[in-house]
Amino acid sequence: MIYLHVPKTFIMRWNTDISNHTLQDFESSLKCYVPGEYFYDWSVWDYDKIAPGDKVYMVRSGQGRHGVVLMGTVMNWPYMDDDWRGTDRVVYYV
């Protein structure tokens, strides 16, 4: 059996009011942007639905300016890692 993945599109949210990734971090990373070599790991809730090849758009929310700040392609299968908030809950990232 051949598995054919039909790419999906996901909207990821970056709330600058609660995130440990600051606006300054984001601006610094943009200075290092190289097409095809630039990536972020981001936590996902729908880890059982997202797969390599899926498209993502990241929307900035919180106080200040709002809107789409990134678009990209998922490069890896979701993996478990420590919670970015420092709790003991299980968090998946892509």
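Mentor: Let's begin with a definition: two strands pair if DSSP finds at least two bridges between them. Please also keep in mind that this model is predicted.

Trainee: Thanks! Which residue in β6 does Tyr-79 stand opposite?

Mentor: Start with the strands: β5 covers residues 79–81, and β6 covers residues 91–93. They pair in the antiparallel sense over three bridges. Facing Tyr-79 across this pairing, in β6, is Tyr-93.

Trainee: Which are the edge strands of that open sheet?

Mentor: Follow the order of the three strands, which is β2-β6-β5 with antiparallel pairing. An edge strand here pairs on one side only. That description fits β2 (43–44) and β5 (79–81).

Trainee: Now the hairpin of β3 and β4: how many residues are between the two strands?

Mentor: These strands pair in the antiparallel sense over six bridges, and Met-58 stands opposite Leu-70 in β4. Have a look at Gly-62 in the turn, with its positive phi of about 100°. The number of residues between β3 and β4 is five.

Trainee: Let's go inside. Which element gives the largest share of the largest nonpolar core?

Mentor: This core has 13 residues, and those touching the most other members are Met-12, Val-44, Ile-50, Val-56 and Val-94. Two elements give two or more residues to it, β1 (9–15) and β3 (55–61). The largest share is three residues, and they come from β1.

Trainee: Which residues is Val-56 in contact with, leaving aside neighbours within four places in sequence?

Mentor: Val-56 is a good one to pick, as it is among the core residues that touch the most other members. With those sequence neighbours set aside, its contacts are Phe-10, Met-12, Ile-50, Leu-70, Met-71, Gly-72, Thr-73 and Val-74.

Trainee: Met-71 is on that list. Is Met-71 buried or exposed?

Mentor: Met-71 sits in strand β4, residues 67–73. Together with Ile-11, Tyr-57 and Val-68 it forms a nonpolar surface patch with about 450 Å² of accessible area. The cut-off for the top class is over 50% relative accessible area. Met-71 has 65%, so it is exposed.

Trainee: And Pro-35: how far apart in space are Pro-35 and Met-71, C-alpha to C-alpha?

Mentor: Pro-35 lies in the loop between α1 (23–31) and β2. Its relative accessibility is 60%, so Pro-35 counts as exposed too. In sequence, Pro-35 and Met-71 are 36 residues apart. Between their C-alpha atoms, the separation in space is 12 Å.

Note on methods:
Residues numbered from 1 in each chain as written. Predicted model: local features only at pLDDT ≥ 70, side-chain atom pairs only at ≥ 80, totals over all residues. Heavy atoms only, no water. Core = buried A, V, L, I, M, F, W, Y, C linked by side-chain atoms within 4.5 Å. Buried < 20%, exposed > 50% of the residue type's maximum accessible area, 1.4 Å probe, protein only. Helix = DSSP H or I, 4+ residues; strand = E, 2+ residues; numbered from the N terminus. Contact = heavy atoms within 4.5 Å. Patch = residues over 30% accessible without salt bridge, like charges linked within 9 Å, V, L, I, M, F, W, Y side chains within 5 Å. Areas by Shrake-Rupley, 256 points an atom, 1.4 Å probe, with all protein chains shown as cover. Salt bridge = Lys/Arg side-chain N within 4 Å of Asp/Glu carboxyl O.
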